[in-house]
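Biologist: Could you take a close look at a single strand of this model, and set it in the context of the whole chain?

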Amino acid sequence: MKDCELLPRQGRFYKANLHCHTVLSDGRWTKEQVKEEYQKRGYSIVAFTDHRHYGWHPELMDEGFIPLAAYEADLNEPFPPSGSFSRVRTYHLNFYDTNPAARAGFAALQPPQRYGDLDALNAFLKEMQQNGFLCCYNHPYWSLQQSADYTALQGVFAMEIYNHGCELDGLYGLAPQAYDEMLRAGQRIFCLSTDDNHDAYPIGSPLCDSFGGFTMFKLDRLSYANVIDALQTGRFYASNGPEIRELYLQNDTLHVQCSPVEKIYLVTQGRHCQMRLANPGQTITEAQFPLKGDEGYIRVDCRDAAGRHAYSNACFLDTL
C-alpha cells in the first residue's frame, strides 16, 4: 500500500446539506429562507432536491454559498387496494447536476415506473450518468427496501448512510449496514449524511429536521466545479455530529484524527474490525490502525458520547 491522504490535508472544510426540500415541492421554506437559515449555522453548500422538480437557483450563489442544481426522483411499488403508501417499497434517488449552465430548459426526468425491473432502472441511471448527473441512493430503511433492491444498482456514486429527517420520522435514518451490503456486493461508492428537511416544525423544536445530518467537503476554494469534483473523488466525509480532521495512510497504517469521541472503529470488508475506545468518562481524538493489506476495503466510524457518528468513505485497498 502506498502512502496517501484519504482526506486532503490542504484546503479547508465546507459544510453541506445535500438533500433539501422547499415550497417548490413539499417543503415549508422558500429557497431564500433555506440559504439564510443554513448560512447562519455555518453551511456553505445546499443541494436543492425538490421532488420531481429540477432546482437550479444561480441567483443564490455568492462567494460564500453554492446552491447545487439537483432534484429527487422516485419509483414506487404499485399501491395496495387500500391506497396507503405506508407499506409501499420505493426508490428515492437524488440527482446532482455536474454542469447546470449547459442545461437550459431541463425538466426533471423520472425512472421507468416499473418497480422490480432493475434492468430498466439501471439503464435509466446509466443514461443520467452519461448526461452529467451524479446519483445518490437515498434512505433505504425508510424506503422499506431489502438488500436485493439496492445491492444490484448500477450507476450510483453514493448512498445516504444517515438521513436526519427519516431518523426523526421513526428511527429510519441510520443505514451503515446497507452501505456495507452495497460495498460487499461490489459497488465502489461513497456515503453521504443529509437532512432531507421539509421544515414542518419550527427551528428549536425537537422535530425540526434541519441542521442534523451534514457532509463536510475539503476544498482549496469554494466553487461549484470544486464541489462537484470533490463529490466525484470522495474528498468529503459524512456526519451527524463528530468531525474527522485528518485521515491518511502512512507506512501501512491508517491514521485518524477527529473531534473528541468515545469510540473510533475501523470497519473492513470482512467481520474483522479494529477499534480504539476511550475509558469511561473520557474521550479520544486519534487512532492508528496497522493494516495487513487483506482488509478489502476500510472505512472509519467515529462515535461520540451522544451516539452521533462521523463516517469516512470506503477505500478499497486494491486501488492504492
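Modeller: What follows goes from the chain as a whole to one strand and its two partners. The model is a predicted one, and its chain holds six helices and 18 strands. With a radius of gyration of 19 Å, close to the 20 Å that the globule rule gives for 320 residues, the chain is as compact as a globular protein of that length, and its C-alpha atoms fill a box of roughly 55 × 40 × 40 Å along the principal axes. Among contacts with a separation of 6 or more, 66% join residues 24 or more positions apart, while 53% of the 320 residues count as buried.

Against that background, the part I would single out is strand β4, which spans residues 66-76. Of its 11 residues, 10 are buried, that is, under 20% relative accessible area, so β4 is largely enclosed by the rest of the structure. One partner of β4 is strand β3, residues 43-48, and these two pair in the parallel sense over four bridges; here phenylalanine 48 stands opposite alanine 69 in β4. Another partner is strand β5, residues 90-97, which pairs with β4 in the antiparallel sense over seven bridges, and in this pairing alanine 73 stands opposite leucine 93 in β5. When following the side chains, it helps to recall that in a regular strand they alternate between the two faces of the sheet. Taken together, β4 pairs in the parallel sense with β3 and in the antiparallel sense with β5.

Notes. Residues numbered from 1 in each chain as written. Predicted model: local features only at pLDDT ≥ 70, side-chain atom pairs only at ≥ 80, totals over all residues. Heavy atoms only, no water. Rg over C-alpha atoms; globule rule 2.2 N^0.38 Å. Buried < 20%, exposed > 50% of the residue type's maximum accessible area, 1.4 Å probe, protein only. Contact = heavy atoms within 4.5 Å. Pairing = 2+ DSSP bridges.
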